[in-house]
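Here are a few exercises to work through with the model open beside you. Try each task before you read its solution.

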Amino acid sequence: MYRLLQIELKKLAPYRPFRVLMGLYFFILVFVPVGVLELLKWLKRNIASANFGNIDPLLLPVFHFPDVWQNLAYVSLLSKIILGIVMVISVTNDYSFKTVRQNIIDGLDRRDFLTSKLSLAAMLTFLSGAVVLVVSLISALLYSGEYSFGDIFVNMEFVLGYCLELFAYLLIAILMSFLVKKSGFTIALLLVISPLEYLLTALLPDSWNALDAYFPQHAIGNVVTSPFAKYMFQEIQDYIDPQWAIITIGYGILFIFLMHLSLKKKDL
């Protein structure tokens, strides 16, 4: 697997769009706290006085333990489309430049091709999770008030939830790339797949409403849910629900099976 990942990185490293997208993504991850702080300042200047009374948005415990883990995991996932595009480029370039055929001629098989893409997705997920972990920890250490050593680990599982949701999303990107094979069409589909799913569920009969949450994008998005309504004194899901984690893992297994089936049936 390590050899396959090395081959994958050697193909992508000289490719400028890959370097730009990766730099942009990790720049966003590192500077998420700065963006959130600027948003809170904007709220204080423009909205807080009218809607929050005497509450100062800058005093909200956004970066305090244990809130920081869910807050930054959720916000960081908003930019997952960038890594999705990276995976699309990785797969579709192999088809466009016939690299996959050359790799097979050189001794790799279809399973190796699939494993190399999954290894790349896993590496990107691990690196992203590590950055979110470090950024969240540093932010909380800087901005939290009084806290105990044990408070640091409360809700840290949201970083694992972040990794699970991101990896599942990257699997969707890989699967669509295998099926479509054209980067432009695949990226466009990746951008609209979530709105299309919401539109589809809206068209379902009312008696099927209970099934809405089990569609792929809905279910995967339920792993790390939006935390910010709690600052409006509304109830939220402030934990990782095992049900949605298991369903997301199930979808991941299904996506990998469909990738294998696609590679087995189609001409490379």
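The exercises below concern a predicted model, and each one comes with a worked solution.

**Exercise 1. The largest pocket**

Find out which residues lie closest to the centre of the largest pocket, and which elements line it.

Solution. Start with the pocket itself: its volume is about 410 Å³. Next, look at the lining, which is made up of 18 residues; L78, K80, E165, S194 and Q217 are the closest to the centre. Then map the lining onto the helices. Two or more residues each come from α4 (67-77), α5 (80-96), α8 (157-180), α9 (183-203) and α10 (216-221). Among these, α9 gives the largest share, with six residues. Finally, sort the lining by residue type: eleven are nonpolar, five polar and two charged.

**Exercise 2. The helix α8**

Check whether the span of α8 fits its number of residues, and decide how enclosed this helix is.

Solution. Begin with the expected length: at 1.5 Å a residue, the 24 residues of α8 should span 34 Å. Now compare that with the model, where the end C-alpha atoms of α8 are 35 Å apart, which agrees. For the second part, count the buried residues, those under 20% relative accessible area. In α8 these are 18 of 24, so the rest of the structure largely encloses the helix. To finish, step past the end of α8 to K181, which has a positive phi, near 75 degrees.

**Exercise 3. Two aromatic pairs**

Classify the ring pairs F27 with F31 and F65 with Y147, and work out how accessible each residue is.

Solution. The whole structure holds eleven aromatic pairs. In the pair F27 and F31, the ring centres are 4.6 Å apart with 35 degrees between the planes, and the pair is tilted. As for accessibility, F27 has a relative accessible area of 48% and is partly exposed; F31, at 42%, is partly exposed too.

Move on to F65 and Y147. Their planes stand at 65 degrees and their ring centres are 5.2 Å apart, so this pair is edge-to-face. Now locate the partners: F65 sits in the loop between α3 (32-51) and α4, while Y147 sits in the loop between α7 (110-143) and α8. With these positions 82 residues apart, the pair links distant parts of the chain. F65 is buried, at 11% relative accessible area, whereas Y147 is partly exposed, at 35%. As a last step, add W69: ring pairs join F65, W69 and Y147 into a cluster.

Definitions and conventions
Residues are numbered from 1 along each chain as its sequence is written. This is a predicted model: local features need pLDDT of at least 70, side-chain atom pairs count only at pLDDT 80 or more; totals for chains, interfaces and linings use all residues. Side-chain values use heavy atoms; hydrogens and water are left out. On a 1 Å grid over the protein atoms alone, a cavity is a set of points where a 1.4 Å probe fits but cannot get out, and a pocket is an open set with protein on both sides within 12 Å along at least five of seven lines; lining residues have an atom within 4 Å of a point. Grid points are joined across faces, edges and corners, and a volume is the space filled by probe spheres set on the points. Helices (H or I, at least four residues) and strands (E, at least two) are DSSP runs, numbered from the N terminus. Ala, Val, Leu, Ile, Met, Phe, Trp, Tyr, Cys and Pro count as nonpolar, Asp, Glu, Lys and Arg as charged, and the others, Gly among them, as polar. The expected span of a helix is 1.5 Å times one less than its number of residues. Buried means under 20% relative accessible area, exposed over 50%, partly exposed in between (1.4 Å probe, protein chains only). Rings of Phe, Tyr and Trp (its six-membered ring) pair if their centres lie within 6.5 Å; planes under 30 degrees apart count as stacked, over 60 as edge-to-face and the rest as tilted.
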